[in-house]
Structures are given as structure tokens and as C-alpha cells.
Amino acid sequence: MERLQKVMAQAGIASRRKSEALILEGKVKVNGIVVTELGTRVAPSDKIEVEGVEIVKEAHVYYLLYKPRGVISTANDDKGRKTVIDFFPHTEERIYPVGRLDYETSGIIILTNDGEFSYLMTHPKFGIKKKYVAKVKGVPEREDLRRLARGIELEDGWTAPAEVKMRSFDKKTRTAIVEITIHEGRNRQVRRMFDAIGCPVDRLKREEFAMLTTRGLNAGEARELTIHEVKQLRVLAETGKIG
Ligand code: URA
């Protein structure tokens, strides 16, 4: 027996948190009866319907996309902009992005139909690290970098400790390239962190997602994650280390 929201997430309906919201809103039926209790457990033989449609368990798929700039990382865009899903015209499964990258940010984004996996990769309590490289305006002082590393106060609270490293700087053009590794994923977090030290981000790329890199891919290209990589990512989220 599994929890209803977990079964829904695994079936690719939505993330576990969104599935919980659907249950609370009375949109989910088990064997024809509306269920609003989050702890409800279901058996594989139970018939589950979400908004009147029976859920079918799809095989799970996992992709890594090197997202170019100028692409939105939601499944649909009401302004008709290109989305990360548009890079998978032949994928029949209902995949969606794991977390978000801003329209102007490039780099690694994972897409899957496995809601449980998505939850493990994005909830800060699992500590999956994401490394960004930021080209910033201005040259941060050593103390600015320390503030970013220790945690900085943003309007939605303090950021968790981060790993921060100056890659290079140019005093003439007053620009710098800084690496920052975080495990949170608040909206526009890296950009807001650099704004807070007075060095706004000009270009931002997510270079690493846990042990994954964009190596071997050009912007706009994707590949499937290997079974081994998916397992490694799960173990990393569940234990904090690989192997
Ligand atoms: N932080 C940002 O500011 N933007 C992103 O796209 C990702 C992290």
C-alpha cells in the first residue's frame, strides 16, 4: 500500500506537493469515492481518478537538457515563448522540468515524469547541489564573497550557506566571473544574491546539477540520463553521498 499523493506523483500527474493540493481540493476519487484525506493509502488494484480521468502508470523517463537562454522552463507559456518541452517533440510521456531556470539562464535542467524523483531533486532538505557560473557587473570584494557563502538576507529570508569561488575578474571592464553552489531553489535566488552585494548578474549558467554536467552537449541538446545516474541521484538525495 502506498500513499495516494505518492502514487499520483509517480504516475506523472504532478509533483507530490501539487498532488496533495489536488486531493485537498476534492479532485481525486479512489474507487469512485472522493478522498480528501492526505494519509490515504491505496493498493495497486485501486482505481484512482483525478478530475474524472483515470490515472495510468507510465514508465518513468529522465532527460538532461542543456537549456539555451531565451527559453521558458514551464510546460506551457501563455505568451507563446519556446519552452523546455519543445525540445522533446517525440517524447510521448508527460514530462515536466525538475525545478526552474529563468528565461535568461542557460544550463542543466532535468525533465521527467517521475514526481517522486522531482521532489527528491528539488526540496532543499535533500541538499542536492547546483553549481552556477555568474558573469557579474562589478568586482566583488573578498568580504562580499564571504557574505554570499555565509548566507545573505533576502526579502524571503536568509539564504543557506553556499560555496563561492571567484573564477576571474577584469578591473578594466569591471566584471567578474564567480562560481556559486547552492542547494536551495528560490525564485531568481542567485540573481537576488548578487544584487544584494551590489554586483548584478549579466549572464548566468547552471553548470552542474549534483554530479551531472553539460559535458558533451551543446546548448539546445538533450540526452537521456542513464539508469545508473538516476540511481546515483536518488542515493545522493537520500543519504547525502554517492556510494
Ligand atoms: N538562480 C537564479 O537567479 N536564476 C536561475 O535561473 C537559477 C537560480
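**Ligand site, a small sheet and two loop residues**

In the ligand site, an oxygen atom of the ligand sits 3.4 Å from a backbone N or O atom of Q189; polar contacts here are pairs of N or O atoms within 3.5 Å, where a pair within protein also needs one atom able to donate a hydrogen and the other able to accept it, and residues adjacent in sequence count only if both atoms are side-chain atoms. This is a predicted model, in which local features need pLDDT of at least 70 and side-chain atom pairs count only at pLDDT 80 or more, while totals for chains, interfaces and linings use all residues. Numbering runs from 1 along each chain as its sequence is written, and side-chain values use heavy atoms, with hydrogens and water left out.

The backbone helps out at two further residues. R188 places a polar backbone atom 3.3 Å from an oxygen atom of the ligand, and for R191 a backbone N or O atom lies 2.9 Å from a ligand oxygen. The protein buries 95% of the 240 Å² that the ligand exposes when taken alone (accessible areas by the Shrake-Rupley method, 1.4 Å probe; for residues, only the protein chains shown count as cover). The surrounding residues are L101, D102, T105, Y132, R188, Q189, V190, R191 and L204, each having a heavy atom within 4 Å of the ligand.

Q189 also turns up around T159. That threonine belongs to the loop between β12 (157–158) and β13 (163–170), strands being DSSP runs of E of at least two residues, numbered from the N terminus. T159 counts as buried because its relative accessibility is 5%, the cut-offs being under 20% for buried, over 50% for exposed and partly exposed in between (1.4 Å probe, protein chains only). Leaving aside residues up to four places away in sequence, T159 touches R150, G151, I152, L154, E184, R186, Q189 and M193 (contact means heavy atoms within 4.5 Å). A polar atom of the T159 side chain lies 2.8 Å from the backbone nitrogen of I152.

R81 sits in another loop, between β7 (62–67) and β8 (96–97), and counts as partly exposed at 27% relative accessibility. Its side chain makes a 2.9 Å polar contact with that of D77.

As for the sheet, four strands form an open, antiparallel arrangement in the order β3-β2-β5-β6, with pairing called when DSSP finds at least two bridges between two strands. The edges are β3 (33–34) and β6 (53–54), each paired on one side only. Strand β5 (residues 48–50) is joined to β6 by 2 bridges, and V50 stands opposite V53 in β6.
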